[in-house]
Amino acid sequence: MGGEMGESSLNADECIARLQRIIEVSRLLNSTLNLRLLLSEIVHAVCDLTDAETGSILLVDRRTGELRFEATTHPDGHAIYQMAVPMESIAGWVFQHNEPVMVSDARSDPRFYAQVDRETGWETRSLIAVPMAARGKVIGVLEVINRRNGGPFTNDDLETLRILADQAAIAVENAVLFEQSDLVAEIVHEMRTPLGIIAAYADLITREATSAQDRNEFARLIQQEALRLSQMAGEFLDLARLESGRVFLARETVDLTEVVESVLAALRPQAEKKGMYLEAVLSPNLPTVSGDSGRIRQALLNLVANAVKYCRPGDRATVRGEAGDKEVILGVVDTGPGIPRDLQERLFEKFFRLPIEEHRAEGSGLGLAICRRIVEAHGGRLWVESEEGQGTAFYFTLPIGHH
């Protein structure tokens with residue numbers, strides 16, 4: 001065992017109640033293949049069962065072999081989302097040795113990785129870390145930190161974590177396999193349409209009866225569909241990396257005013273060509289945030305580009321920015337045709353495109369899914385507000401975090 005043992009503290013009734021709760025959690029784990037929901041349910045359940053202040057799950061990156069934070073109950077968890085933890089750490093030791101560790105004084109353990117506390121403002125005193133193993137292979141580590149009553153963790157807490165970690169590992173593996181197969185099936189299905197168009201026009205070009213003018217038009221359409229395929233493949237890979245944790249987000253001080261100005265400068269020519277107007281209305285002294293400026297710009301660029309795409313000549317799109325106590329809210333508000341209420345929830349589904357766009361065969365249908373992933377990776381949230389005939393507004397938040 002990689003750490004000291006605690007005493008059992010549960011009487012018979014408490015043991016039965018805890019086992020019943022474990023059974024409930026087990027049923028829940030087997031009821032969903034949504035990976036993010038699954039990870040959230042696991043960490044909240046273990047905190048509840050062990051009376052811990054915070055819980056976290058670290059999963060191994062299959063490409064790099066690094067351990068990265070994938071879920072935590074701590075409100076400042078966005079600061080360490082996707083952070084790689086060295087194998088010399090306590091979690092790394094647990095992962096490598098496939099053994100649990102219970103530590104009553106974390107700071108006196110030479111394996112303690114203090115960078116996590118520095119990034120989040122946590123104060124780790126005691127912890128339990130157990131391996132998550134599925135089909136004989138360790139895929140991650142489940143941790144709880146600090147009992148809420150200030151006392152030590154017990155053998156009962158350790159055993160609870162071991163039971164849930166084994167069940168959680170199998171559920172996570174099943175969810176990952178499902179998402180991978182589901183995403184591959186979706187991309188293959190989506191690629192069939194442009195590939196079919198390319199094949200059809202390529203056949204028409206070779207026919208002797210086809211005029212030179214038609215050949216030029218068919219060549220243009222083939223090029224258009226080939227570019228669409230290229231965009232789709234690129235965005236598919238980007239989304240796959242974001243969902244699998246292979247993208248490491250930079251943690252730098254981001255000036256949102258500069259990001260907004262950069263996005264509007266890039267898209268203003270396209271908007272002016274269409275006869276619509278772009279503007280920014282930002283609160284003075286908009287605070288900086290901690291995050292990846294390139295990814296934040298990518299998310300905002302996508303939202304403004306969508307507004308330009310769907311708005312009509314004479315419409316206006318405004319990027320708004322204001323600060324709350326703990327977060328900045330950015331919005332892209334347009335005066336366009338609006339989005340039917342029954343389609344608004346589907347906007348963030350992979351490959352979904354509004355019906356107005358279908359006949360134009362534009363876009364990959366992945367942009368908003370990528371936006372949501374980027375915003376959530378920064379600890380924020382993204383949503384839409386729209387009324388038909390009254391315009392559309394996309395809003396997202398970014399926490400004002402540690403720098």
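Helix 7 covers residues 256-274 of this predicted model. At 1.5 Å a residue, its 19 residues should span 27 Å, and the end C-alpha atoms are 26 Å apart, which agrees. The helix also bends, by about 45° at Leu267, and within four residues a proline, Pro269, follows.

Both ends of helix 7 have a local feature. At the start, the backbone nitrogen of Thr257 has a side-chain oxygen of Asp255 within 3.0 Å. Just after the helix, Gly275 takes a positive phi of about 85°. Between these ends, the buried residues of helix 7 are Leu256, Val259, Val260, Val263, Leu264, Leu267 and Ala271. Leu267 is thus both buried and the site of the bend.

The next element is a sheet. It is open and mixed in its pairing, with 5 strands in the order 8-10-11-13-12. Strand 8 (277-282) and strand 12 (382-386) stand at the edges; each has a single partner strand, so one side of each lacks a neighbour in the sheet. From one strand to the next, the twist averages 15°.

Within the sheet, strand 11 (residues 327-334) and strand 13 (residues 392-399) are antiparallel and pair over 8 bridges. One of the residues involved is Val328, whose bridge partner in strand 13 is Leu398.

Two helices meet this sheet. Helix 7 lies across strands 8, 10, 11 and 13, and runs at about 170° to strand 8. Helix 11 (residues 367-377) packs on the sheet, touching strand 12 and strand 13, and its direction makes about 130° with that of strand 12.

Elsewhere, Glu173 is found in helix 5 (residues 155-205). Its relative accessibility is 12%, so Glu173 counts as buried, the cut-off being under 20%. Leaving aside residues up to four places away in sequence, Glu173 touches Arg62, Ala134, Arg135 and Ile139.

Key. Residues numbered from 1 in each chain as written. Predicted model: local features only at pLDDT ≥ 70, side-chain atom pairs only at ≥ 80, totals over all residues. Heavy atoms only, no water. Buried < 20%, exposed > 50% of the residue type's maximum accessible area, 1.4 Å probe, protein only. Contact = heavy atoms within 4.5 Å. Expected span 1.5 Å × (residues − 1). Bend = angle between axes of the 7 residues up to and from the residue. Polar contact = N/O pair within 3.5 Å; in protein donor to acceptor, adjacent residues only side chain to side chain. Pairing = 2+ DSSP bridges. Axes fitted to C-alpha atoms, helices over the stretch in contact; angles between N-to-C directions.
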